[in-house]
Amino acid sequence: MTTMRTEQPSQRLTELTDAIRDRVRRGRNQAHTAELVQEALRPFLGVPGLLTEQQRRGDPERYLQHVLHVEPDASFSVVALVWLPGQQTPIHDHVAWCVTGVYQGAESEQHYRLCDSEEGAYLVPGRLVTNHEGETCGFAPPGDIHLVRNCGTGTAISLHVYGADIGELGTSVRRIYELPVHE
C-alpha cells in the first residue's frame, strides 16, 4: 500500500467529517460507534465532488491510500483507498473500529477465523461478502481478520473511517497474518 496526503478538503468532505464527528461523540463503545458511523457515511457514497481527481487516482503496483482527514483529537481518520482490478490487501486485522463504504465499483471481503492445532496456528475462511457502490460495512476488534480486494473489472474506490490517527500510525493494520489457510 502507498499512502498519499491530501490537499484542501472539498465542501462535501467537510460535511462528511462533521457528520462522522457527531456520530463518534455519541458512540458508547467501539461496536456502537462503528454502527453510527456507517449511518453517517452511507449518504456520501458515490456523491460527485466528494473526492478530487487526485484522490481518485490509483497506482498500478498496489492499492493506494489517500488520507483525507485526521481528527485533531485522534478519535478518527478518513481515508480513500483506490484499487485497480485484482489489487488486494494481505490478510490482516485492525487496531480499532473501522467502517468502510464503497464509493465506486465493488470490493469483496473474505473473513477468516484464527485456529490452533498441535502443528500451530492456521486460518479458516469464513463468509465472503461483496459490497457494491453505496454499501457499507463496519466492525470492531477482535474477530476482524480479513482480506479485501477489488473484485471488479474497473477501478474501485472505498472510503474507510478508522477509530485511530492514521496520520500518525500510517495504517490501521494491527497485524498481517502469514499463516496457512485450511478449508
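Let me start with Q38, which in this predicted model has its place in helix α2. Is Q38 buried or exposed? With a relative accessibility of 16%, Q38 counts as buried, because buried here means under 20% relative accessible area. If we set aside residues up to four places away in sequence, the partners that Q38 touches are V99, T136, C137 and G138.

From Q38 I would like to move to the helix that carries it, since α2 also packs against another helix. Two packed helices are described by the angle between their axes and the distance between the axes. For helix α1, which covers residues 11-26, and helix α2, which covers residues 30-41, the axes come within 8 Å and cross at roughly 155 degrees. That angle makes α1 roughly antiparallel to α2, because angles over 145 degrees count as roughly antiparallel. The crossing in which α1 passes α2 is right-handed. Which residues make the contact? On the α1 side they are L16, A19, I20, R23, V24 and R26, and on the α2 side H32, T33, L36, V37, E39, A40 and L41. Sorted by character, the residues of this contact comprise 8 nonpolar, 2 polar and 3 charged.

Next, the nonpolar cores. The largest of them has 25 residues, and those with the most contacts inside it are L16, I20, L50, L51, W97, L159 and V161. Which elements give two or more residues to this core? They are α1 and α2, together with the strands β3 (77-83), β5 (98-104) and β10 (156-162). It is α1 that provides the largest share, with 5 residues. Apart from this core lies another one, of 13 residues, with V79, W83, V148 and Y162 among them.

L159, one of the residues with the most contacts inside the largest core, deserves a closer look. Leaving aside its neighbours within four places in sequence, L159 is in contact with a list of residues that includes L16, L41, L45, L50, L51, V79, V99 and Y103.

Finally, let me turn to E135, which lies in the loop between β7 (120-132) and β8 (136-139). E135 has a relative accessible area of 34% and is therefore partly exposed. Not counting residues up to four places away in sequence, E135 touches L45, T100, G101, V102 and T130. For one of these partners, T100, we also have a separation: the C-alpha atoms of E135 and T100 are 8.4 Å apart, while the two residues stand 35 residues apart along the chain.

Terms used:
Residues are numbered from 1 along each chain as its sequence is written. This is a predicted model: local features need pLDDT of at least 70, side-chain atom pairs count only at pLDDT 80 or more; totals for chains, interfaces and linings use all residues. Side-chain values use heavy atoms; hydrogens and water are left out. Axes are lines fitted to C-alpha atoms, for helices over the stretch in contact, and angles run from 0 to 180 degrees between N-to-C directions. Helices (H or I, at least four residues) and strands (E, at least two) are DSSP runs, numbered from the N terminus. Angles under 35 degrees count as roughly parallel, over 145 as roughly antiparallel, 65 to 115 as roughly perpendicular and the rest as oblique. A crossing is left-handed if the near helix is turned anticlockwise from the far one by less than a right angle, and right-handed if clockwise. Contact means heavy atoms within 4.5 Å. Ala, Val, Leu, Ile, Met, Phe, Trp, Tyr, Cys and Pro count as nonpolar, Asp, Glu, Lys and Arg as charged, and the others, Gly among them, as polar. A nonpolar core is a set of buried Ala, Val, Leu, Ile, Met, Phe, Trp, Tyr and Cys residues joined through side-chain atoms within 4.5 Å. Buried means under 20% relative accessible area, exposed over 50%, partly exposed in between (1.4 Å probe, protein chains only).
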